[in-house]
Amino acid sequence: MDQARNTGPGPRTGITAPLRHPNFRALALGRVLMMFGNGMANVALAFAVLDVTGSLSQVGLVVGARSVANVSLLLLGGVIADRLPRSLVLRGACVLAALSQGLLATTLLTGSATLPLMIVLSLVNGAAAAANLPAAAAITPQTVPHTLLRQANALVGIAKQLGMFAGMSMGGVAVGLLGPGWAIAVDAVMFAAAGAAFLFLRVSSVVPAERGNVLRDLVEGWGEFVARPWVWIIVLQFMVVNAGWSATTAVLGPGIADETFGRTTWGLVMAANSVGLLVGGVLAARWQPRRALFYGTALVTVQTLPFFVLADPSPMVPLLFAAMFVGGVAVEQFSVAWEVSVQENIPADRLSRVYSYDALGSFVAMPVGQVAIGPLAESIGADRSLLIVAGLTIMATSAAVAAPSVRSLRRR
């Protein structure tokens, strides 16, 4: 058993109880730093491409390149995170991300950035994320006792959203005052700092003594993934949900902002969503129903509210702030319920592979959405494109909520 599980009887179960464990504190700090940098980069990247190319379609190419690399390598990332110490995987991924973002920032600040170079560096950054995501998600249960899983996942979500909120807020200001290159430079520094934080993350390895080949590991992970209908049903739902959300926030939103309320306001609008996610995490840590997965899945429909606001030719900024905030609160109820459900029901030594299949299915359509939404908006208009995205999201969520295995799953 790992250090976090040898903590003696009767651990407190309040919202801050996971912070009593050093491994959890190191994990939370590292993820805060990563999300702070990514918050700035998420705001800056689209505007960086617009400054270099002036094309909304090419924004989709650069953003989509990262997603392509991420999706293509996720399964390999899951195998690596189940075959190597997960803390080591996290450190290595942070180093790769810091190098790619540092080089991108340098080219932007020196005026030498080109579209092909930005695409290549986005591919490298996506590869780092493919290793990072399964390891980070699967390591959480190794840092706290089982009785604190819900609070730990909620606190990780809160930590990530604090970082994202601060990063997006500062990113919007930095892009408006200094340019996108400086925001991406901070992202590189934050990944380096996160790698340093993960040096203090010391958990017992769950790597089996006898390892099969990579193909056998993938087949074993697939068996765990398909054995529970609620897992693949939710993943299919988020294939649609994530594609629509990323197409809107990474491509359509910045384009609409450039034509209407401005870049700095868009950064603050995205920060409002992070505040909503943060508040949602606090609420989820304090209470969720026994059928938390059903409850959280149904609330995903609320995430479509910003789409309807942005579809207006002259978006009402106060209403957009409110919609982003409420959407964040709602979707975090799902996020915490999902993490706990997976961690309670999947064996620890196969958890990274299941998370990699989850991420692959959830993210596989994101590059398609990001690349396709620009030409679609130029063809039929951003407003109609947003309404299509909203409709598809509602349809996918309704189908998931109707599934018996989603409705019946209960927390332990």
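**Warm-up**

In which helix is isoleucine 80 found? Isoleucine 80 is found in helix α2, where helices (H or I, at least four residues) are DSSP runs numbered from the N terminus.

Before going on, a word on the ground rules. This is a predicted model, in which local features need pLDDT of at least 70 and side-chain atom pairs count only at pLDDT 80 or more, while totals for chains, interfaces and linings use all residues. Residues are numbered from 1 along each chain as its sequence is written, and side-chain values use heavy atoms, with hydrogens and water left out.

**Exercise 1. The nonpolar patch**

Task: find the residues of the nonpolar surface patch and the helix that gives the most to it.

Solution:
- Step 1. Start from isoleucine 80, which counts as partly exposed because its relative accessibility is 31%. The classes are buried (under 20% relative accessible area), exposed (over 50%) and partly exposed in between, with a 1.4 Å probe and protein chains only.
- Step 2. Recall the patch rule: residues need over 30% relative accessible area and no salt bridge, and nonpolar side chains (Val, Leu, Ile, Met, Phe, Trp, Tyr) are joined within 5 Å, like charges within 9 Å.
- Step 3. Collect the members: Leu73, Leu76, Ile80, Leu84 and Val214 form the patch, and together they have about 350 Å² of accessible area. Such areas come from the Shrake-Rupley method with a 1.4 Å probe, and for residues only the protein chains shown count as cover.
- Step 4. Name the main contributor: helix α2 (residues 56-83) gives the most, with three residues.

**Exercise 2. The salt-bridge network**

Task: trace the network of salt bridges that includes Arg353.

Solution:
- Step 1. Set the cut-off: a salt bridge is a side-chain nitrogen of Lys or Arg within 4 Å of a carboxyl oxygen of Asp or Glu. The whole structure has five of them.
- Step 2. Take aspartate 217 and arginine 353, whose side chains meet at 3.8 Å, N to O. Aspartate 217 lies in helix α7 (residues 214-226) and arginine 353 in helix α13 (residues 351-363), so this pair ties together parts 136 residues apart in sequence. Both ends are buried, aspartate 217 at 8% relative accessible area and arginine 353 at 4%.
- Step 3. Move to glutamate 220, which also forms a salt bridge with arginine 353, with the closest N and O atoms 2.7 Å apart. Here again helix α7 is linked to helix α13, by residues 133 apart. Glutamate 220 is partly exposed at 32%.
- Step 4. Add the salt bridge between glutamate 224 and arginine 350, at 2.7 Å, N to O. Glutamate 224 lies in helix α7 and arginine 350 in the loop between α12 (317-345) and α13, so the pair joins parts that are 126 residues apart in sequence. Glutamate 224 counts as buried at 11%, whereas arginine 350 is partly exposed at 24%.
- Step 5. Put the network together: Asp217, Glu220, Glu224, Arg228, Arg350 and Arg353 are linked in it.

**Exercise 3. Two buried residues**

Task: describe the surroundings of threonine 297 and leucine 320.

Solution:
- Step 1. Place threonine 297 in helix α10 (residues 292-299). It is buried, with a relative accessible area of 0%.
- Step 2. List its contacts (heavy atoms within 4.5 Å). Leaving aside neighbours within four places in sequence, threonine 297 is in contact with Ile234, Gln237, Phe334, Thr397, Ala400, Val401 and Val406.
- Step 3. Turn to leucine 320, which lies in helix α12 and counts as buried at 1% relative accessibility.
- Step 4. With residues up to four places away not counted, leucine 320 touches Phe261, Val269, Pro306, Val309 and Leu310.

**Exercise 4. Positive charges and a lysine**

Task: locate the positive surface patch and place lysine 160.

Solution:
- Step 1. Gather the patch: Arg290, Arg291, Arg407 and Arg410 make up a positively charged surface patch. Lys and Arg count as positive and Asp and Glu as negative, with His and the chain ends not counted; the place of a charge is NZ of Lys, CZ of Arg, CG of Asp or CD of Glu.
- Step 2. Arginine 410 is in the segment after α16 (404-408) and is partly exposed at 46% relative accessibility.
- Step 3. Lysine 160 sits in helix α5 (residues 149-177) and is partly exposed at 23%.
- Step 4. Not counting residues up to four places away in sequence, lysine 160 touches Arg31 and Met35.

Technical notes:
Helix = DSSP H or I, 4+ residues; strand = E, 2+ residues; numbered from the N terminus.
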